[in-house]
Amino acid sequence: MIVDQTLSHLLGETQQIVVECADDGTAAQEREVQLREWAAGELLWMRMQHAERNAVLLGDTVYLLAWSPGQGAPGVEDD
């Protein structure tokens, strides 16, 4: 129960990717959409919750973003 409460306070109610100036209707808005789609495809939110749960228990977490030439996009690993 303590871990769940700490985790909920750590992550908050929602997480979202925000790109500066995306409200202006510029290329930043397109990039924001691309990043949000990428995050959904990588199950980023689930991975964040898993990694942060480990951080609450173990005291640390690391996210590794590595470029995948085959996908033409980064991949996420958490330890």
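These are my notebook entries on one predicted chain and what I looked up in it.

**Entry 1: ground rules**

I am working with a predicted model, in which local features need pLDDT of at least 70, side-chain atom pairs count only at pLDDT 80 or more, and totals for chains, interfaces and linings use all residues. Residues are numbered from 1 along each chain as its sequence is written, and side-chain values use heavy atoms, with hydrogens and water left out.

**Entry 2: confidence**

I began with pLDDT, the predictor's confidence in each residue, from 0 to 100. The chain has a mean of 80, and 92% of its residues reach 70 or more. Of the chain's elements, H2 has the highest mean pLDDT, 89. Strand E2 (residues 73-78) has the lowest, 72.

**Entry 3: overall layout**

I counted three helices and two strands, taking helices (H or I, at least four residues) and strands (E, at least two) as DSSP runs numbered from the N terminus. Along the sequence they follow the pattern α-α-α-β-β. The radius of gyration is 15 Å, well over the 12 Å that the globule rule gives for 79 residues, so the chain is more spread out than a compact globule. For the record, that radius is taken over C-alpha atoms, and the globule rule is 2.2 Å times the number of residues to the power 0.38. Along the principal axes, the C-alpha atoms fill a box of roughly 45 × 30 × 15 Å.

I then checked burial, where buried means under 20% relative accessible area, exposed over 50%, and partly exposed in between (1.4 Å probe, protein chains only). Buried residues make up 25% of the 79 residues. For contacts (heavy atoms within 4.5 Å), I looked at pairs at least 6 apart in sequence, and 42% of these join residues at least 24 apart.

**Entry 4: helix H2**

Next came H2, residues 27-41. Its 15 residues reach 21 Å from first C-alpha to last, close to the 21 Å expected at 1.5 Å a residue; the expected span is 1.5 Å times one less than the number of residues. Which residues of H2 are buried? They are Ala28, Glu32, Trp38 and Ala39. They cover an arc of only 125 degrees around the axis, which puts them on the same side of H2. The arc is that of the directions from the helix axis to the C-beta atoms. Turned away from that buried side is a face carrying the exposed residues Ala27, Glu30, Glu37 and Gly41.

I also looked up Gln34, another residue of H2. Gln34 is partly exposed, with a relative accessible area of 42%. Its side chain makes a polar contact with the side chain of Arg31, at 3.2 Å. A polar contact here is a pair of N or O atoms within 3.5 Å; within protein, one must be able to donate a hydrogen and the other to accept it, and residues adjacent in sequence count only if both atoms are side-chain atoms.

**Entry 5: Glu32**

A glutamate in the buried list made me look again. Glu32 has 13% relative accessibility and therefore counts as buried. What lies 2.9 Å from a polar atom of its side chain? I found the backbone nitrogen of Val19 there. Leaving aside neighbours within four places in sequence, Glu32 is in contact with Ile17, Val18, Val19 and Ala22.

**Entry 6: helix H3**

H3 covers residues 44-58, and its end C-alpha atoms are 20 Å apart, which agrees with the 21 Å that 15 residues should span. Its buried residues are Leu44, Met48, Ala51, Glu52 and Ala55. Seen down the axis, they fall within an arc of 100 degrees, so they line one face of the helix. I kept the usual reason beside this: an α-helix has 3.6 residues a turn, so residues three or four places apart point the same way. On the other side of H3, Met46 and Leu57 are exposed.

**Entry 7: positive phi**

Last, I went through some backbone angles. Cys21, in the loop between helix H1 (2-11) and H2, has a positive phi near 75 degrees, in a residue other than glycine. Cys21 is partly exposed, at 43% relative accessible area. Leu43 sits in the loop between H2 and H3, and its phi is positive too, near 55 degrees. At 47% relative accessibility, Leu43 counts as partly exposed. Following H3, Gly59 has a positive phi near 95 degrees. My final look-up was a distance: the C-alpha atoms of Leu43 and Gly72, 29 residues apart along the chain, are separated by 17 Å.
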